[in-house]
Amino acid sequence: MNVRLPRLLYAGLLALVAGLFVVTFLLNRNQYEASISSVESSFNAALDQQAKILRDEIAQQEENWFAHHQTTTELDADLFIVMRNSVVPSCIAGLLATVPAQEADKAFKQGIATLPNPDALPFFEQAAKRVVETPDDLYRKISAYFNMLELDNKVQTVCCILTLLDLSNVSLPESQTAFFNTLLEEQVPDLGIIKARTSSLWKTARRIDQKLKRQKGAYRAVIDGQTLSVNENGLALLYSPDIQATPPILVTNAVPEGLHEEIVPGWMAYIPGAVIAESKQKIRKQYRTGNAILALMIVLGGLLGGGIAITSKRQRELNAMKTEFIATVSHELRTPLSLIRLHAESLCHERIPPEKIGQYHRTILTETERLSGIVNNVLDFSRMERNKLQIHLESTDLSVLCEHILDSFHFRLEQDGFALERQIAPGIVTHADPLAFSQIVFNLLDNAIKYSDEEKRIRIELERSAGQIILRISDWGIGIPDKLKKRIFDDFVRSDDSKVTARRGSGIGLSVARRLAGEMGGAIEVADNQPKGSVFTATVKGNDEAAGG
Ligand code: ADP
């Protein structure tokens with residue numbers, strides 16, 4: 001029950017946090033959609049506004065141009081007029097006015113046959129207004145215009161002649177058409193330009209005409225990006241508003257009062273698509289950034305949660321290890337203590353054969369050494385845990401110290417049948433903590449003995465090299481698997497191998513040794529021995545001053 005409750009609590013908390021994130025994601029999404037639609041509506045409002053301005057502008061143009069046409073007819077005005085049920089450019093609309101045939105005849109007679117004469121102008125004008133019904137009428141009318149060419153505005157007159165030649169319902173015989181064309185080419189230098197202009201005016205007129213056939217009364221439409229306005233009197237205006245770019249965006253279908261609109265000018269209101277896209281892009285970016293931050297928070301939250309879970313698991317494991325450690329250490333202490341007690345009691349109470357007395361003393365001594373080794377490890381470890389470990393560096397002869405420790409191991413090695421190879425360079429003096437160094441040697445040697453197998457052989461070397469003191473202890477024992485090599489210097493780490501677990505140990509010997517070596521400016525590492533076993537190499541900072549001593 002105790003275990004289940006926090007688990008349920010964790011699960012509940014997890015669900016709550018996950019729910020909060022989901023809600024936040026949804027809120028972010030809602031905010032995004034609202035922002036996007038607000039951008040669209042604000043741009044639509046702007047477009048409506050633009051459409052209104054455009055419509056006002058067109059209305060103004062219509063007013064000006066239609067009023068203007070009451071007083072004058074200009075060639076350049078894009079103004080058309082509906083006459084006899086068809087649309088013609090307003091500048092040549094006057095051609096179709098009717099005049100008495102007599103006047104035309106007079107003009108013809110005085111005209112093409114005679115030389116230009118300013119007094120003849122009114123006659124020519126009258127003749128030009130004559131309704132053309134037969135090829136003869138047309139011939140006379142064109143002839144009258146040719147006379148006017150010398151006297152009147154050339155461009156307008158040429159337009160009239162061209163119109164009559166090309167577009168009239170009545171056709172001249174080919175010879176007469178050729179005759180007039182030759183005359184035109186002789187007399188009009190800019191004929192090409194005027195021809196083009198006239199034919200484009202007529203083309204537009206025909207298109208407007210087609211539209212008008214489908215419409216009744218005044219209306220407004222769009223032709224090729226220009227607005228076409230037609231008033232009640234059949235006057236048509238083509239106007240090009242200043243459209244910034246295509247494609248414009250249709251934003252409104254509101255039909256304004258007055259003219260009937262076939263296609264509303266709102267069609268022309270324009271906001272570059274890129275501006276809208278940019279604003280939307282910005283909102284999208286904010287949305288994504290929001291999501292990314294949320295995702296990051298989830299990851300961080302997950303890591304934090306995971307970290308806490310791992311830490312608490314590690315804490316539990318450490319607690320379990322410590323409990324086991326206490327049990328192991330107690331057990332380890334008990335064995336040498338019992339041996340010491342047993343042998344001491346025997347020495348006190350029993351009659352021991354004299355040859356055995358020495359052996360009893362040696363056992364007591366060996367076990368006392370082991371006891372103090374274990375106790376020192378525990379004390380050092382405890383001090384290290386509390387950051388209370390203090391190293392006292394003093395000039396120390398490590399060679400002597402080493403020999404001394406080996407002597408204290410002598411009986412144990414001898415008893416267990418070990419062959420010990422010593423290669424201890426004499427007179428290695430440096431600044432070191434003798435107790436710490438002894439503890440390192442003790443721990444490494446103790447392990448070498450403990451983890452040896454059939455081949456009971458140990459080599460110990462001490463030398464100075466490249467400013468460092470090197471202590472190397474090699475055994476031909478059970479060896480250490482590669483993946484364990486990195487971890488054996490950590491607290492409480494022991495191999496699961498039955499060969500290891502069968503031997504006594506608390507898992508702190510190497511960790512203490514490594515930290516002590518570190519305190520003395522050195523380190524410890526392990527490598528495989530050949531053909532089997534392990535080689536532990538501990539270094540201690542060499543002190544040059546003491547090197548000679
Ligand atoms: P322990 O009290 O277990 O000996 P140590 O910290 O001294 O603790 O050693 C940690 C582990 O490293 C040991 O349990 C063993 O698995 C391995 N080990 C240490 N020294 C040797 C060695 N000379 N040969 C093989 N394994 C060793």
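Axes here are lines fitted to C-alpha atoms, for helices over the stretch in contact, and angles run from 0 to 180 degrees between N-to-C directions. Helices (H or I, at least four residues) and strands (E, at least two) are DSSP runs, numbered from the N terminus. This is a predicted model, in which local features need pLDDT of at least 70 and side-chain atom pairs count only at pLDDT 80 or more, while totals for chains, interfaces and linings use all residues. Residues are numbered from 1 along each chain as its sequence is written, and side-chain values use heavy atoms, with hydrogens and water left out.

**Stop 1: two helices**

Two packed helices are described by the angle between their axes and the distance between the axes. Select α10 and α11. Their axes lie 10 Å apart, and the packing angle is about 35°. The crossing of α10 and α11 is right-handed; that term applies if the near helix is turned clockwise from the far one by less than a right angle, and left-handed if anticlockwise.

Now show side chains. Contact means heavy atoms within 4.5 Å. From α10, the residues that meet α11 include Leu401, Ile405, Phe409 and Leu413. On the α11 side, Phe437, Val441, Leu445 and Ile449 are among them.

**Stop 2: a third helix**

Add α9, residues 354-385. Where does it stand relative to α11? The axes of α9 and α11 come within 11 Å and cross at roughly 115°. This crossing is left-handed. Among the α9 residues that meet α11 are Glu369, Arg370 and Asn377. Their side of α11 is made of Gln439, Phe442 and Asn443. Phe442 also belongs to the α11 residues that meet α10.

**Stop 3: the sheet**

Select the strands next. Two strands pair if DSSP finds at least two bridges between them. An open sheet of 5 strands runs in the order β8-β10-β11-β13-β12, with mixed pairing. At the edges are β8 (419-424) and β12 (523-528), each paired on one side only. Neighbouring strands are turned by 15° against each other on average, direction ignored.

Both helices from the first stop sit on this sheet. Helix α10 (residues 398-415) touches β8, β10 and β11, and its direction makes about 175° with that of β8. Helix α11 (residues 434-450) touches β10, β11, β12 and β13 (534-541), and its direction makes about 20° with that of β11.

**Stop 4: strand partners**

Start at β8. This strand runs parallel to β10, joined by 6 bridges. Glutamine 423 stands opposite glutamate 461 in β10. Step across to β11: there, glutamate 461 has arginine 472 as its bridge partner.

β10 (residues 457-465) and β11 (residues 468-475) are antiparallel, over 8 bridges. Leucine 462 is matched with leucine 471 in β11.

**Stop 5: two backbone oddities**

Most residues other than glycine have a negative phi, and most peptide bonds are trans. Zoom to the hairpin of β10 and β11, which has 2 residues between its strands. Alanine 466 is in that loop. It is not a glycine, yet its phi is positive, about 45°.

Then jump to proline 531, in the loop between β12 and β13. Glutamine 530 and proline 531 are joined by a cis peptide bond, with omega about 0°.

**Stop 6: the ligand**

Finish at the ligand. Which residues come nearest? Of the 20 residues around the ligand (a heavy atom within 4 Å), they are Asn447, Tyr451, Arg494, Ser506 and Leu510.

Polar contacts are pairs of N or O atoms within 3.5 Å; within protein, one must be able to donate a hydrogen and the other to accept it, and residues adjacent in sequence count only if both atoms are side-chain atoms. Pick the aspartate 475 side chain: one of its N or O atoms is 2.9 Å from a ligand nitrogen atom. A polar backbone atom of glycine 507 lies 3.1 Å from a ligand oxygen atom.
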